[in-house]
Amino acid sequence: MSDSAFLETLEAVIAQRLKDAPEGSYTARLAAGGIKKAAQKVGEEGVELALAAVGEDDRFRVTSEAADLLYHVLVVLKLRDVTLADVMAELKRRHHAG
């Protein structure tokens, strides 16, 4: 599975967890806290990634924090009804505009 296909799969899993709200699902618990809580997690994970990137942390720590950030961004996007395809289209538009 390609990296982009995996992100699309993860996006679908997040959507399903938000819809079904299965017991024990971190995604469902996060969403139950509302958009403010989910957005707060994006901020926290962004700061943790930034600190890992400039600190003495190893490559694994940076990778782990980046994965956490991407996951939380996907949750926020879903809560705001924005798809990964929407974001990719905007990135492509910016690339071609430059």
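Helices here are DSSP runs (H or I) of at least four residues, numbered from the N terminus. The model shown is predicted.

**View A. The whole chain is built from five helices and zero strands.**
Read from the N terminus, the elements run α-α-α-α-α. The C-alpha atoms fill a box of roughly 40 × 35 × 30 Å along the principal axes. The chain has 98 residues, and 19% of them count as buried. Its accessible surface comes to about 7000 Å². Carbon and sulfur atoms account for 58% of that surface. Take the contacts between residues at least 6 apart in sequence: 56% of them join residues at least 24 apart.

**View B. Helix H3 spans residues 34–54.**
How far apart are the end C-alpha atoms of H3? They lie 31 Å apart. The helix has 21 residues, and at 1.5 Å a residue it should span 30 Å, so the two values agree.

**View C. H3 has a buried side and an exposed side.**
Ala38, Lys41, Glu45 and Ala52 are the buried residues to look for in H3. They cover an arc of only 50° around the axis, which puts them on the same side of H3. Which helices does this buried set pack against? The partners are helix H2 (26–32) and helix H4 (59–79). Turn to the other side of H3, and Lys36, Leu51 and Val54 are exposed.

**View D. Val47, Leu51 and Val54 form a nonpolar patch on the surface.**
Together the three residues have about 310 Å² of accessible area. Leu51 and Val54 are exposed, on the side of H3 away from the buried residues. Val47 also sits in helix H3. Is Val47 buried, exposed or partly exposed? Its relative accessibility is 48%, so Val47 counts as partly exposed. The cut-off for exposed is over 50%.

**View E. Lys41, Glu44 and Glu45 are linked in a network of salt bridges.**
The structure holds five salt bridges. One of them joins the side chains of Lys41 and Glu44, at 3.3 Å from N to O. Both residues lie in helix H3, three residues apart, about one turn of the helix. Another joins Glu45 to Lys41, with an N to O distance of 3.7 Å. Glu45 and Lys41 are four residues apart in H3, so about one helical turn separates them. Why can side chains with such spacings meet? An α-helix has 3.6 residues a turn, so residues three or four places apart point the same way.

**View F. The members of the H3 network differ in how accessible they are.**
Buried means under 20% relative accessible area. Lys41 has 16%, so Lys41 is buried. Glu45 is buried too, with a relative accessible area of 5%. Glu44 has 29% and is therefore partly exposed.

**View G. Lys41, in helix H3, also touches residues far from it in sequence.**
Which residues does Lys41 contact once neighbours within four places in sequence are set aside? The contacts are Tyr26, Leu30 and His72. Lys41 is one of the buried residues of H3. That buried set packs against H2 (26–32) and H4 (59–79).

**View H. Glu90 and Arg93 form a salt bridge in helix H5.**
Here the side chains meet at 2.6 Å, N to O. Helix H5 covers residues 84–97. The two residues are three apart in it, about one turn of the helix. Glu90 has 26% relative accessibility, so Glu90 counts as partly exposed. Arg93 is partly exposed as well, at 48%.

**View I. Glu11 of helix H1 meets residues distant along the chain.**
Helix H1 covers residues 3–20. Which residues does Glu11 touch, not counting those up to four places away in sequence? They are Thr83 and Leu84. Leu77 is a further landmark for this view: its C-alpha atom is separated from that of Glu11 by 9.2 Å. Along the chain, Glu11 and Leu77 are 66 residues apart.

How values were computed:
Residues are numbered from 1 along each chain as its sequence is written. This is a predicted model: local features need pLDDT of at least 70, side-chain atom pairs count only at pLDDT 80 or more; totals for chains, interfaces and linings use all residues. Side-chain values use heavy atoms; hydrogens and water are left out. The expected span of a helix is 1.5 Å times one less than its number of residues. Buried means under 20% relative accessible area, exposed over 50%, partly exposed in between (1.4 Å probe, protein chains only). The arc is that of the directions from the helix axis to the C-beta atoms. Contact means heavy atoms within 4.5 Å. Patches are made of residues with over 30% relative accessible area and no salt bridge: like charges are joined within 9 Å, nonpolar side chains (Val, Leu, Ile, Met, Phe, Trp, Tyr) within 5 Å. Accessible areas come from the Shrake-Rupley method with a 1.4 Å probe; for residues, only the protein chains shown count as cover. A salt bridge is a side-chain nitrogen of Lys or Arg within 4 Å of a carboxyl oxygen of Asp or Glu.
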